[in-house]
Amino acid sequence: MKKIIPFVLMLWLVPATLAAQNNGQQQSREELERRKRELQKEIDDANEQLKETKKSTRESLGQLRALRDKITLRSRLINNINEEINFINGDINTALRDVKTLQKDLDTLKAQYAQLVVYAYKNRSSYDMMNFVFSAQSFNDAVKRFQYLKQYREYRRRQADNIVTTQEQLNHKIQNLENQRIKRSDVLKTEQDQRATLEEDKKEKDEVLSKLKGREKELVADINQRNKDAQKVQAAIRAVIRREIEEARRKAIEEEAARRKAAEEKRRRDEEARKAALAAAEKAKADAAAANNANKPAAEKPAPTPVKPPEPTPEPAKPVARTENVLEATPEALALSESFEANRGKLPWPVDAGNIIEHFGIHQHAVMEHIQVPSDGIVIATNKGGAVKSIFDGEVKSVVVMPGSGYVIIIRHGQYFTTYVRLQTTRVKKGDMVKTGQVIGTASTNDIENTGEVELQIWKGINKQNPEQWIRRR
């Protein structure tokens, strides 16, 4: 009986420990599977993008970008698969330990049960059992002996049940171990296929890169032209923002002058009213004193009371400015700015479908890495003629056509401005109020890349912002 107690405790404690471990592993695996699905979706999108760019008559930067994106994403996917393999290996090791433990426990139970069977065989005679009971010294002792025999039979039955249960658990663990081995084999095959595809992508990328480097002069000319176009767009944006700042400052000055004039007029009227009231009060007092003095002897008449001059009304205190930013001088502009800031990292994309092909800031050129290329915003590749939408409520401040950059729409959101560059058509005009998600135009077409493009810029006053820090992640 003493040998059975540790085994029973083990049957209670081990499942609880394994359950706690499995919960943590299950969460990690769910995250792993989720990321795997996301990576595969991004790879599919990159494949679609590459398929579109290949419709062009020759190699392009779009092809190179798509191939590099595929390589990066596939490398991440391979790492994800390797993490999954590590999980499976851990499951296999755990299953092996469980099988060994259960096999050892099963052997112990069988040995103990064999001893019970041998003992039962040697004492199988009903006479021996009855003699064991009736040979007791007292009735209570006989009852105890009977209970002992009953418990003995029950213990032997439980031992048999434990053997059956342990055997079932062992079979289940062995089957689970075999399933994990099959799963590991399948995942390893997937990992090998992904590596083979990765090598093909790298080979294709090197071929496209080699051909593009052969057109260096053309690419340099394109870079220079794009920089010139970008500078013109930036100058136009800054001009609009400065005009808004000057207009807001002019209105603020006019409102302050009107406020001061109204305050001065009110102070003057209040002063005149105070003087009139004081004069009336003095006259009434003088009349009352004269009437009173007329009935008194001359010796009792009091000396005239000097009249106190009126105190000037103090100038009203200048109201404390709510903000020093002239673009937030009105309550509406301030509320819009605060709402825009509150949505940092949660703003929608300007297109329904697409991926970023050029990031904000200064970065190396995709082909000629010795050349630094600046970017005032992010360029998003999307469907040709795809709808472009406002990412926040605001007022359209400018709609202009810029050579090489298509239509440019500037929308103000308090002290923030969003700029949409490289539009093919527009659906709004200056002065229009737009809502979040409202279509304001369509994306331009890049004939070389065979895709649609739109550039998003975000400005805080005259300072450029990184749009990727403002729009939500996909």
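Accessible areas here come from the Shrake-Rupley method with a 1.4 Å probe, and for residues only the protein chains shown count as cover. The structure is a predicted model, in which local features need pLDDT of at least 70 and side-chain atom pairs count only at pLDDT 80 or more, while totals for chains, interfaces and linings use all residues. Residues are numbered from 1 along each chain as its sequence is written, and side-chain values use heavy atoms, with hydrogens and water left out.

**Exercise 1. Overall description**

Task: State what secondary structure the protein has, what area it exposes and what percentage of its residues count as buried.

Solution:
- Step 1. Helices (H or I, at least four residues) and strands (E, at least two) are DSSP runs, numbered from the N terminus. The protein has six helices and 12 strands.
- Step 2. About 29,100 Å² is exposed, and carbon and sulfur atoms supply 53% of this area.
- Step 3. Buried means under 20% relative accessible area, exposed over 50%, and partly exposed in between (1.4 Å probe, protein chains only). Of the 474 residues, 34% count as buried.
- Step 4. Contact means heavy atoms within 4.5 Å. Among contacts between residues at least 6 apart in sequence, 74% join residues at least 24 apart.

**Exercise 2. The two sides of helix 6**

Task: Determine whether the span of helix 6 agrees with expectation, and where its buried residues lie around the axis.

Solution:
- Step 1. The expected span of a helix is 1.5 Å times one less than its number of residues. For the 12 residues of helix 6 (residues 331–342) this gives 16 Å, and the end C-alpha atoms are 16 Å apart, which agrees.
- Step 2. The buried residues of helix 6 are Ala333, Leu334, Ser337 and Phe340. They lie on the same side of helix 6 because they cover an arc of only 125° around the axis. The arc is that of the directions from the helix axis to the C-beta atoms.
- Step 3. These buried residues pack against strand 7 (406–413), strand 8 (416–426) and strand 11 (451–460).
- Step 4. Glu332 and Ala342 are exposed residues on the face turned away from the buried side.

**Exercise 3. An aromatic link**

Task: Describe the geometry of the pair formed by Phe340 and Tyr416, and identify the parts that this pair ties together.

Solution:
- Step 1. Rings of Phe, Tyr and Trp (its six-membered ring) pair if their centres lie within 6.5 Å; planes under 30 degrees apart count as stacked, over 60 as edge-to-face and the rest as tilted. By this rule there are four aromatic pairs.
- Step 2. Phe340 and Tyr416 are stacked, at 4.8 Å centre to centre and with 20° between the planes.
- Step 3. Phe340 lies in helix 6 and Tyr416 in strand 8, so the pair ties together parts that are 76 residues apart in sequence.
- Step 4. Phe340 counts as buried at 0% relative accessibility, and Tyr416 counts as buried at 2%.
- Step 5. Ring pairs link Phe340, Phe392, Tyr416 and Trp470 into a cluster.

**Exercise 4. The nonpolar cores**

Task: Name the residues that touch the most other members of the largest nonpolar core, and the strands that each supply at least two residues of this core.

Solution:
- Step 1. A nonpolar core is a set of buried Ala, Val, Leu, Ile, Met, Phe, Trp, Tyr and Cys residues joined through side-chain atoms within 4.5 Å.
- Step 2. The largest core has 25 residues, of which Val388, Ile409, Tyr420 and Ile440 touch the most other members.
- Step 3. At least two residues each come from strand 4 (378–382), strand 7, strand 8, strand 10 (439–446) and strand 11.
- Step 4. A second, separate core of 14 residues includes Ile237, Val240, Leu327 and Trp459.
- Step 5. Leaving aside neighbours within four places in sequence, the contacts of Ile440 include Val388, Ile409 and Tyr420.

**Exercise 5. Individual residues**

Task: Classify Leu177, Ser398 and Pro403 as buried or exposed, and locate each in the structure.

Solution:
- Step 1. Leu177, in helix 4 (residues 139–213), is buried, with a relative accessible area of 7%. Not counting residues up to four places away in sequence, Leu177 touches Ile92, Ala95 and Leu96.
- Step 2. Ser398 belongs to strand 6 (residues 394–402) and is buried, with a relative accessible area of 7%. Beyond residues up to four places away in sequence, Ser398 touches Val240, Val408, Ile409, Ile410 and Lys430.
- Step 3. Pro403 is in the loop between strand 6 and strand 7 and counts as exposed at 56% relative accessibility. Pro403 and Asp229 are 174 residues apart in sequence and 7.1 Å apart in space, C-alpha to C-alpha.
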